[in-house]
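Hello,

Here is the structure I promised to pass on to you. Have a look at it first, and then read my notes below.

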Amino acid sequence: MTCPGWIPIRGRSILAAFALLLLAAPAARAQSFRVQCPATSTLHPGICSAGSKKGQTCLTRADCPGPNAACVAGAVDPAHPGQIKCQHVGGGDGYATMGDGTQIYLFAFSPLSGLLDIQAGKPGTQTATVFNTGYVGPNYSTTGVGACAGGSNAGEPCRALSDCPDSTSPGISCVFASGTNIGLTPNNGAITEPAGIMDLGVLAGNAPAPLMAIDEDDEFFLTLSNPGMIMRPDLFEQHTVHFHGYPNASSFFDGVPDASIAINIAGSFTYYYTAPDAGTYFWHCHITPPEHLQMGMVGQLYVRPRQDRVAATQELRAALIAANQRAAVDPTATGLSCTDILCTGQTPVPPPNTVTGGAKYAYNDGDGSTRYDVEFPIQMMGFDPNFHYVGMTFNPEAFSDMKDKYFLLSGRSYPDTVNAGPISTVSADGVSRPSQPLPSLIRIDRTAGQTRALLRISDLSVTEFTTLATIGIPMKVIALNARLLRDTAGNNLYYDTNSITLGGGESADVILDASGVPAGTYFLYSTNLDHLSNDAENFGGMMTEIQVL
């Protein structure tokens, strides 16, 4: 299903021609693992550090003459807002643990960068500088032989960190030739070597897929590598990444195989995105979507607004007008409303006000009405255990009989939704890997100044509509499907409710305001009674706690 909202951009004819050439290439052409994350680009150049062009923009070292000059990337430049962000994921398989203890087989995306943040329940998206530092962390392979780095036995062979004396000292690790190694904790660098991609890409899928987050004006380079599915060697399965409902500039990077390309086993492809519109989106594999979505290849993506960068001394309304004028195609635009039917990169300006910036916001609202203190991404999803079992045992899958029995918030069902830290699952090779890194516990700590929580809720269920409700703490719905609820005259159309109903392919941004709510524990739960169970086990399912401190 191709999503609406594609935006024509001038100057794309060369890209379109290039895409046609690629699509015309022979299907049997070899692929290989290649991870891309440039340090600079024309939208985000570096700065010459010295020499005759000190302080001027550059793309490479050659642009900066002088013996001590360098092209320094990653500097925040007001003339070029945003940054280059990168992420690497693998398309393979894995296992997850359900609320009743059942282990379920997945087709899944695995994290191949940002592992430290992902295991802490954060997005795995990194700046180019961090991404390109290289991976240091656990290696799941039991066959590789490395060498001790540091310590009294530096250079001696090792298979695990415990083989190196002084292994508890800082900086000691067991380094493998592939660049991966066994360390105490992973870092956020990217896994780029083929051996590391295979080692940390197979049987390491996450439910849901790795979380992504970028800021408006960023450039996002997302590499998908396909290490294959070790439990289904009969399947030469291709994978893609499709940003559902996202305003892509080109269908070539949309992930729909009919208009883009699919990635074969042992191949990589780097998708390129800009970030024109803030909001809560989601992503999934677009190869046989009913199967791959049901099997677990779904994840969440959100874009933070440029309003987050407005200073505390600057009025939000004036900043929004200026941003609208920059985004408008019409050079005579006033910036008070949209200049195209899709409001691309623009938001209708609210009535006059003097609210200033300096906080965090869900959208470019111009009046501070989407301000929040803490955010929680929540992915509504479900699994049919019979379909997953058949998918693992080489049997034909009965799509017409598909019926979810496990109902999940970010890959977990209650009571696992409130447990801190990642859930790990032992895979078929006997190795335990992080499988469900995202808790769904909603905590609003008023002692730390928090009163407003933003829930970024998305639904990629294949079979179900679901109603989520609260009791005792109302929900204010501020956006649906990554669009601020505001008319073209600038009037807010937010509404208060105690429940929202979403189906697959929908999202909502909701603010919980706990400023007048007594301290205590509340619940966010499904009112669909059959969604409050873990298969045959009652009192679980799609539910989590809201703790007001």
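**What I found**

Pro208 sits in the loop that runs between α4 and β11. The bond joining Ala207 to Pro208 is a cis peptide, with omega at about -5°. Before going further, please keep in mind that this is a predicted model. Its mean pLDDT is 88, and 91% of the residues reach 70 or more. The part to treat with care is residues 1-30, where pLDDT stays under 50. For that stretch the model has 32 contacts beyond four places in sequence.

Back to the helix that comes before that loop. In α4 (residues 194-201), the buried residues are Gly196, Ile197, Asp199, Leu200 and Gly201. Their cover includes β4 (84-97), β5 (103-111), α2 (115-119) and β12 (219-226). Just after α4, Leu203 has a positive phi of about 55°.

On the other side of the loop, β11 belongs to an open sheet of four strands, ordered β11-β16-β15-β13, with mixed pairing. The edges are β11 (212-215) and β13 (242-244), each of which pairs on one side only. On average, neighbouring strands here are turned by 30° against each other, direction ignored. In the middle of the order, β15 (residues 279-284) and β16 (residues 298-304) pair in the antiparallel sense over six bridges. One residue to look at there is Phe282, whose bridge partner in β16 is Gln300.

Now to the packing. The largest nonpolar core has 75 residues, and within it Phe243 and Leu512 touch the most other members. Another core, of 14 residues, lies apart from it; among its members are Ala207, Phe282, Met381 and Phe383. So which residues does Leu512 contact, leaving aside its neighbours within four places in sequence? They are Ile442, Ile444, Thr451, Arg452, Ala453, Leu455, Ile473, Pro474, Met475 and Ile546.

Phe383 of the 14-residue core leads to a further strand pair. It stands opposite Tyr406 in β20. Strand β19 (residues 374-383) pairs with β20 in the antiparallel sense, over four bridges. Is β20 (residues 406-409) covered on one face or on both? Both: Tyr406 and Leu408 are buried on one side, and Phe407 and Leu409 are buried on the other. As a reminder, side chains in a regular strand alternate between the two faces of the sheet.

A second cis peptide bond is worth a look: it joins Tyr414 and Pro415, with omega at about 10°. Pro415 lies in the loop between β20 and β21 (423-426).

Finally, there are two residues other than glycine with positive phi that you may want to inspect. Thr288 has phi near 35° and is placed in the loop between β15 and α5 (289-294). Its relative accessible area is 42%, so Thr288 counts as partly exposed. Phe394 has phi near 65° and lies in the loop between α7 (385-392) and β20. Phe394 is also partly exposed, at 46% relative accessibility.

I would be glad to hear what you make of it.

Best wishes

Notes. Residues numbered from 1 in each chain as written. Predicted model: local features only at pLDDT ≥ 70, side-chain atom pairs only at ≥ 80, totals over all residues. Heavy atoms only, no water. Core = buried A, V, L, I, M, F, W, Y, C linked by side-chain atoms within 4.5 Å. Buried < 20%, exposed > 50% of the residue type's maximum accessible area, 1.4 Å probe, protein only. Contact = heavy atoms within 4.5 Å. Pairing = 2+ DSSP bridges. Helix = DSSP H or I, 4+ residues; strand = E, 2+ residues; numbered from the N terminus. Axes fitted to C-alpha atoms, helices over the stretch in contact; angles between N-to-C directions. pLDDT = per-residue confidence, 0-100.
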